[in-house]
Amino acid sequence: MTTRMFGEPIQRREDPRLLAGRGRYLDDLGHGALAAAFVRSPHAHARVLDIDVTDALDVDGLVAIYTYEDLPERVADPLPLLIPHPALTHGRTGYPLANGIVRHVGEPVAMVVATDPYVAEDIVDLIQVNFEPLPAVVGIENAVRAERLVHDDVPGNVGAHLVQEVGDAPLAVDTAPHRLEFRLDIERSASTPLEGRGVYARPDASDGSIRVYSSTQTSTSVRFAIAAKLGLPATKVEVIAPDVGGGFGVKIVHPWPEEILVSWAARVLGREVKWAEDRREHFVSSAHERGQVQFVRVGFDDEGRVLGLDVRFLHDHGAYTPYGIIVPIITSTQLLGPYKVGAYRAEFTSLYTNTVIVTPYRGAGRPQGVFCMERTMDRIAEHLGRDRAEVRSANFIQPHEFPYDQGLVFQDGRPLIYDSGNYPEALEKVKEMIGWDEFPGRQEKAAAQGRRLGIGLACYVEGTGVGPYEGGHVQVDSAGRVHVSTGLTSQGQGHGTVFAQIVAEELGVPIDAVEVTTGDTRRFSYAVGTFASRAAVLSGNAIALACRRLREKALRIAGEALEADPGDLEIVDGIVRVVGNPRTAIPLRTVAVLANPLRYAFDEEAVRATQFARSSGDDGPPVPEDDEPGLEGRDYYSPVRSTFASGMHAAVVEVDPDTAEVRILRYAVVHDCGRMINPTIVEGQVHGGVAQGIAGALYERMAYDESGQLLNASFMDFLMPYATEIPRITTGHLETPSPLNPLGIKGAGEAGVIPVSAVIASAIEDAEGIRIARMPISPDELFWLRRRAETGEVERTGVVKSDRAP
Amino acid sequence: MRVRLRVNGAERQVDVEPRVTLLDALREVIGLTGTKKGCDRGECGACTVHVNGRRIDACMTLAVMHEGDEITTIEGLDHPVQRAFLEHDAFQCGFCTPGQLMSAAACLAEGHTGSDAEIREWMSGNTCRCAAYPHIVAAVREVAGRA
Ligand code: FES
Ligand code: FES
């Protein structure tokens with residue numbers, strides 16, 4: 001019997017190595033390589049007048065110092081704008097090293113190469129840069145005011161402006177029986193994986209090639225970028241993502257200046273060079289996300305059905321736009337969630353500020369969109385005096401309405417059409433898990449004891465598995481081992497396990513025979529990368545398709561060997577056999593041998609494949625026309641459009657009446673990512689996401705002062721959740737298969753984070769009776785909100801002032 | 001300066017500048033890269049090792065301060081909590097894991113495992129950005145015999 005593998009909660013296979021300290025992360029490689037370190041701007045906006053290296057020159061161990069002037073053409077060009085968009089009329093990118101001007105604290109100004117990292121850092125301190133500080137633009141409001149500019153040639157600090165609409169939303173709002181208008185504020189946060197970025201380059205002078213290890217989410221694209229910048233054919237560049245200590249979005253950006261500079265310097269010097277980012281560098285020179293201000297107008301009927309939704313928002317994209325405007329596009333399109341609204345208009349302006357660049361962080365614009373929509377649902381419920389769950393339910397797209405076209409254009413340039421889902425069932429399930437209907441009683445009882453409890457709920461839909469494509473290669477060797485490779489990379493998602501499960505199931509081989517390689521351009525050169533919850537959908541399906549090709553070939557060859565019809569064969573436990581007659585069988589490893597006609601026998605197995613041993617009596621060539629030697633399969637999966645996973649979260653919180661501290665008592669998740677490959681891994685991903693969501697709801701922010709200094713650029717000051725902050729999370733799964741791909745799966749990596757801020761805001765509001773209109777909310781802020789509610793400066797919930805929008 | 005350390009039971013002589021941290025001495029000089037650097041300033045716990053049986057952040061102490069000390073790193077750990085981590089899926093990217101395991105082994109030895117809340121508190125020096133916390137707590141709880 002073949003054991004079922006797909007859908008089983010099997011243990012991760014990459015783990016035993018990691019448990020013994022045998023992981024190979026970037027900084028574990030390249031022992032003895034030269035060390036690179038960077039002089040970075042201490043100013044948010046300044047002209048670079050002069051760089052004086054005199055004091056550094058006689059330090060023992062100095063190998064080289066490079067400034068912008070030292071860079072050759074191509075390397076000296078501005079960094080690429082990776083995702084252009086017609087609405088991004090004023091896209092700007094930085095230079096690998098500052099070219100006369102710096103636009104955020106942390107921008108690289110000079111690179112030092114030395115014999116070891118301690119010496120490299122000493123030298124960085126000895127280099128004197130003479131800056132002429134310029135006024136900085138910090139915060140969305142200052143960016144809009146545009147009294148100062150981040151880029152001289154970008155009027156109003158506006159990088160992009162985009163409107164998407166379905167129907168006439170302003171009119172629908174104006175003519176609706178009820179309407180509301182309000183503002184929401186969302187702070188910045190960041191991926192901050194525990195391992196920072198890092199690059200290690202090994203040039204080979206004998207053939208002019210270079211191998212680069214990078215802690216990246218896309219080794220194939222880093223390879224093409226390095227090849228282009230160094231003027232090398234791609235065949236001379238290998239890029240490998242070793243074990244990667246978390247990514248969460250920040251490591252999809254590429255090429256980072258450091259990836260180009262370290263590779264270039266290694267070739268110039270003819271030496272191995274390594275750079276491992278330190279923690280402060282990561283805060284000020286990688287990337288952040290989230291920051292938005294939203295202005296919402298909504299019109300609805302007595303049932304709470306949204307007739308018109310008109311959202312205008314301002315998005316802070318930092319100093320440059322290398323990753324385009326993906327984040328605000330996702331916010332504006334995914335904002336609609338599981339709902340159908342009468343008419344919708346989303347308008348955003350994406351603005352420059354003198355702060356670190358903004359690129360996707362897990363959730364990628366969705367947490368902001370969901371915060372907007374779900375806060376809106378709560379406001380509607382409050383206004384009508386209806387149950388919050390009921391109002392959501394009144395707006396749901398119903399199960400029979402799929403595929404459902406929202407009428408917008410999604411982040412991949414494709415129509416926003418939801419493939420499948422079951423929102424009413426998810427809502428019922430999450431209500432039951434959290435005890436929604438019984439809660440008012442619980443709340444009242446607690447109140448009688450002086451305790452403040454609140455319950456909250458939020459729903460989301462996540463476009464996952466965006467194209468354009470991924471590929472998979474599967475090969476069976478003569479020992480019966482199955483080698484699988486795909487080009488995208490892994491940062492802890494358990495790809496080595498889930499891809500092996502797919503292969504074990506598709507090929508009928510023991511999972512222990514399967515070995516998976518990701519993110520190594522030596523093994524697979526065409527790929528896009530790991531982001532947008534796409535790995536399982538894209539590579540998973542590509543690998544399954546590759547397995548199907550391999551299987552067909554295996555059955556054909558086995559059929560010849562066994563003199564049986566391939567249609568009568570099955571593969572069980574790595575043995576091809578006749579269905580109903582398991583004695584007529586041939587191991588897959590022998591099939592692999594037969595698939596490769598040999599002249600030379602190098603071992604016992606190989607003897608069976610040599611020319612005189614082969615029985616085939618016909619006079620065709622040893623490798624038939626249209627066939628290839630070897631037992632392998634390669635295929636690609638390119639989806640027509642994204643799959644749409646969905647889910648609903650609910651939480652019960654307790655707020656301390658004195659200290660305003662928020663404690664999460666219960667947290668329930670209902671999650672639908674189509675068919676699950678491995679529920680344990682999905683659950684781990686959900687936990688991780690929820691934790692980052694709680695972080696965004698209660699703790700994390702980037703505290704920039706008005707001069708553009710990041711005041712909390714350390715793990716001491718940037719509050720992240722520890723074991724003490726994350727509650728027990730109960731997870732319920734729905735499995736609504738996607739009709740769009742062979743495996744029926746949707747992505748799961750980011751889902752957990754998406755609705756959390758909205759859930760927590762809803763629950764705090766319920767506990768406190770004070771409107772929550774920003775995320776995150778700290779005890780301090782909540783304390784002052786209470787004060788201001790007492791004096792009438794902020795609104796209490798349940799106070800319906802007027803139906804007319806202010 | 002020359003220092004003698006006992007690392008995972010073996011005598012090691014290292015020659016380091018006085019400013020070299022124990023973490024860098026282990027990783028760069030001795031070549032034991034299992035211990036990780038997440039912040040290099042005592043804020044994340046990725047570099048947790050045992051010194052004379054106590055858990056400490058190896059980035060917050062200098063190698064030269066450990067003449068004759070008995071140091072255990074992840075490479076020298078052989079503890080039931082490692083199996084429990086595997087069974088409970090207590091990590092994702094694995095970067096915090098060496099530190100979590102060293103901390104968990106010490107937390108168990110210290111007996112700070114009376115309740116989930118106590119485990120959480122005494123494991124709160126170890127950041128996991130992948131937030132495998134619920135499963136980490138479950139793994140420690142199981143080894144403590146409370147599962
Ligand atoms: S690296 Fe030592 S505590 Fe973070
Ligand atoms: S497993 Fe990634 S940081 Fe803990």
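Trainee: Helix α8 of chain A, residues 326-334: why is it described as largely enclosed by the rest of the structure?

Mentor: This is a predicted model. In it, 9 of the 9 residues of α8 in chain A are buried, so the helix is largely enclosed by the rest of the structure.

Trainee: Which residues of α8(A) are buried?

Mentor: The buried residues run from A:Ile326, A:Val327 and A:Pro328 through A:Ile329, A:Ile330 and A:Thr331 to A:Ser332, A:Thr333 and A:Gln334.

Trainee: Switching to the contact with chain B. How many residues from each chain?

Mentor: Chain A contributes 51 residues and chain B contributes 41 residues. About 4,100 Å² is buried between the two chains, and carbon and sulfur atoms give 56% of that area.

Trainee: Which residues in chain A lose the most area to chain B?

Mentor: A:Leu19, A:Tyr118 and A:Leu194, which together account for 20% of what the chain A side buries.

Trainee: What about salt bridges and polar contacts across the interface?

Mentor: There are 5 salt bridges between chain A and chain B, along with 26 residue pairs in polar contact. In one salt bridge, the side chain of B:Arg129 meets that of A:Glu700, at 2.6 Å from N to O.

Trainee: Which elements give two or more residues to the side of chain A that touches chain B?

Mentor: Those are α1 (15-19), α2 (117-126) and α17 (679-699) of chain A. α17(A) gives the most, with 9 residues.

Trainee: And how do the residues on that side divide into nonpolar, polar and charged?

Mentor: The side of chain A that touches chain B has 24 nonpolar, 17 polar and 10 charged residues.

Definitions and conventions: Residues are numbered from 1 along each chain as its sequence is written. Chains are lettered from A and ligands numbered from 1 in the order in which they are written. This is a predicted model: local features need pLDDT of at least 70, side-chain atom pairs count only at pLDDT 80 or more; totals for chains, interfaces and linings use all residues. Side-chain values use heavy atoms; hydrogens and water are left out. Contact means heavy atoms within 4.5 Å. Buried area is the accessible area (1.4 Å probe) that two parts lose on being put together, summed over both. A salt bridge is a side-chain nitrogen of Lys or Arg within 4 Å of a carboxyl oxygen of Asp or Glu. A polar contact is a pair of N or O atoms within 3.5 Å; within protein, one must be able to donate a hydrogen and the other to accept it, and residues adjacent in sequence count only if both atoms are side-chain atoms. Helices (H or I, at least four residues) and strands (E, at least two) are DSSP runs, numbered from the N terminus. Ala, Val, Leu, Ile, Met, Phe, Trp, Tyr, Cys and Pro count as nonpolar, Asp, Glu, Lys and Arg as charged, and the others, Gly among them, as polar. Buried means under 20% relative accessible area, exposed over 50%, partly exposed in between (1.4 Å probe, protein chains only).
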